[in-house]
Amino acid sequence: MLQPSTSPDVAPTTKTPLFQSSTQYQNWRFSTEKLKATRTALNQAAVAAIRNTFESNSPGSSSDIRFLDAHEEHLLVKLYITKISQLCGHFRFPEEVEATGITYLKRFYLKNTVMDWHPKNVMLTALFLATKTTNHPISLESYTSNIPRTNPSDVLELEFLVAQSLAFEFAVWHAHRALWGIWLDIQELPQTPSSEELQQIYDTALQHIRTSRLTDLELIYPPSQIALAFAASWARSKNADTALEAIKSIKRTITQDGDIPSVEVVREIDLRLKICKNPEKVVGSKAYLAKKAKEEREEELKRMRKAESVRKAVELGDPFGEELAGRANLDDDD
């Protein structure tokens, strides 16, 4: 009699939570120390490059320039985060667009520096990009015509740079969405608060989450933990002891960093930025013109090399060049 075959024991597969499979979890989460080190390294590299540009054009010209430090750059970006909120109120964009635009702005300046790219136009571009990636599009003309002293080119010229700096990773997991799930779950607790109390819990927590966007919390903690920080009674009901430790840290960060920067302080930083901005990015400057001329020469050399390659191929009776000929030979072998 045939015996039933026995298969070897197979270890049960562990289901990976969705968030842990996201690019946000894998590529855009940092420790506090890592964030500080990243911004400091970007700042130091930018200062060195800009100083060298100044010196190459006019020796000694950089000696009196007070370059921005990493903290001052961060303060300037933080002020423009508040501008995104103001614009979203003006356009009546939903919460998702505002939160996504702010995240894009933060991520951009983990790859770039304000001394190369001023936050004003980057902010406008990040928000416009967010309207598209969250499926709430607005025409470029309608967008820019409602913002003083803004042209469509101000947004379009930076759109690819912003997308590239984000590594084309546009999906963002937000704390306000996690809060909505928690709020629904609270309603299933054994001792459910009244409808008025529930709404007050939700409104207060949502306001704290909006404040948290001024901080680095979303770059450090998962959105669920940020939402938990403002629904602590729910966390206690679930015996989420490990989450409660993160909650304490999140609340401390909100208290320390959740304030809008002083306008006077940021205005002084912005004035200094006009002096220490990378001259290669200032249209019409000597450094800008020299860089453009160099790029044009390189493009011309590239075109000449390509034209020469085509000419030689035609002379040899192979108008398609060596590369395509090699592929054709491989195909023949098949």
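A residue is called buried when its relative accessible area is under 20%, and by this criterion helix H5 of the predicted model is mostly covered, since 11 of its 15 residues are buried. The buried positions of H5 are Pro119, Val122, Met123, Leu124, Thr125, Ala126, Leu127, Phe128, Leu129, Ala130 and Thr131. The cover over these residues is provided by several parts of the chain, including H3, H4, helix H6 (140–145) and helix H7 (152–165). From its first C-alpha to its last, H5 reaches 20 Å, which is close to the 21 Å expected for 15 residues at 1.5 Å a residue. After H5 comes asparagine 135, whose phi is positive, near 65°.

The protein chain as a whole contains 15 helices and zero strands. Of its 334 residues, 42% count as buried, while the area that the protein chain exposes amounts to about 20,300 Å², with carbon and sulfur atoms supplying 54% of it. When contacts between residues at least 6 apart in sequence are considered, 74% of them join residues that are at least 24 apart. The structure holds zero disulfides. Two of the cysteines were examined for their accessibility: cysteine 88 counts as buried at 2% relative accessibility, and cysteine 276 is likewise buried, with a relative accessible area of 0%.

Helix H3 was examined in a similar way to H5. For the 22 residues of H3, a rise of 1.5 Å a residue gives an expected span of 32 Å, and the end C-alpha atoms of the helix are indeed 32 Å apart, so the two values agree. The N-terminal end of H3 is capped by aspartate 69, a side-chain oxygen of which lies 3.1 Å from the backbone nitrogen of histidine 71. H3 is followed by arginine 92, and the phi of this residue is positive, near 60°.

Valine 114 offers an example of a buried residue outside the helices, as it is placed in the loop between H4 and helix H5 (119–133). The relative accessible area of valine 114 is 1%, so this residue is classed as buried. Leaving aside residues up to four places away in sequence, valine 114 touches Leu68, Glu73, Leu76, Val77, Tyr109, Pro119 and Leu273. One of these partners, Pro119, also appears among the buried residues of H5. Valine 114 and leucine 42 are separated by 72 residues in sequence, and their C-alpha atoms are 10.0 Å apart in space.

Attention was then given to charged side chains. Side chains of opposite charge can pair when their charged atoms come close. In total, 10 salt bridges were counted in the model. In one of them, glutamate 268 pairs with arginine 66, and the closest N and O atoms are 3.6 Å apart. Because glutamate 268 lies in helix H13 (residues 263–276) and arginine 66 in the loop between helix H2 (32–57) and helix H3 (70–91), this pair ties together parts that are 202 residues apart in sequence. The two partners are not equally accessible, since glutamate 268 counts as partly exposed at 32% relative accessibility, whereas arginine 66 is exposed, with a relative accessible area of 52%.

Glutamate 268 also meets arginine 272 in a salt bridge, with an N to O distance of 3.6 Å. Both of these residues lie in helix H13, where glutamate 268 and arginine 272 are four residues apart, about one turn of the helix. An α-helix has 3.6 residues a turn, so residues three or four places apart point the same way. Arginine 272 is buried, with a relative accessible area of 9%. Through salt bridges that share partners, Arg66, Glu72, Glu268 and Arg272 are joined into one network.

A further salt bridge is formed by arginine 210 and glutamate 95, whose closest N and O atoms are 2.7 Å apart. This pair links distant parts of the chain, with arginine 210 in helix H9 (residues 195–212) and glutamate 95 in helix H4 (residues 95–108), 115 residues apart. Arginine 210 is partly exposed, with a relative accessible area of 35%.

Notes
Residues are numbered from 1 along each chain as its sequence is written. This is a predicted model: local features need pLDDT of at least 70, side-chain atom pairs count only at pLDDT 80 or more; totals for chains, interfaces and linings use all residues. Side-chain values use heavy atoms; hydrogens and water are left out. A disulfide is a pair of cysteine sulfur atoms within 2.5 Å. Buried means under 20% relative accessible area, exposed over 50%, partly exposed in between (1.4 Å probe, protein chains only). A salt bridge is a side-chain nitrogen of Lys or Arg within 4 Å of a carboxyl oxygen of Asp or Glu. Helices (H or I, at least four residues) and strands (E, at least two) are DSSP runs, numbered from the N terminus. The expected span of a helix is 1.5 Å times one less than its number of residues. A polar contact is a pair of N or O atoms within 3.5 Å; within protein, one must be able to donate a hydrogen and the other to accept it, and residues adjacent in sequence count only if both atoms are side-chain atoms. Contact means heavy atoms within 4.5 Å. Accessible areas come from the Shrake-Rupley method with a 1.4 Å probe; for residues, only the protein chains shown count as cover.
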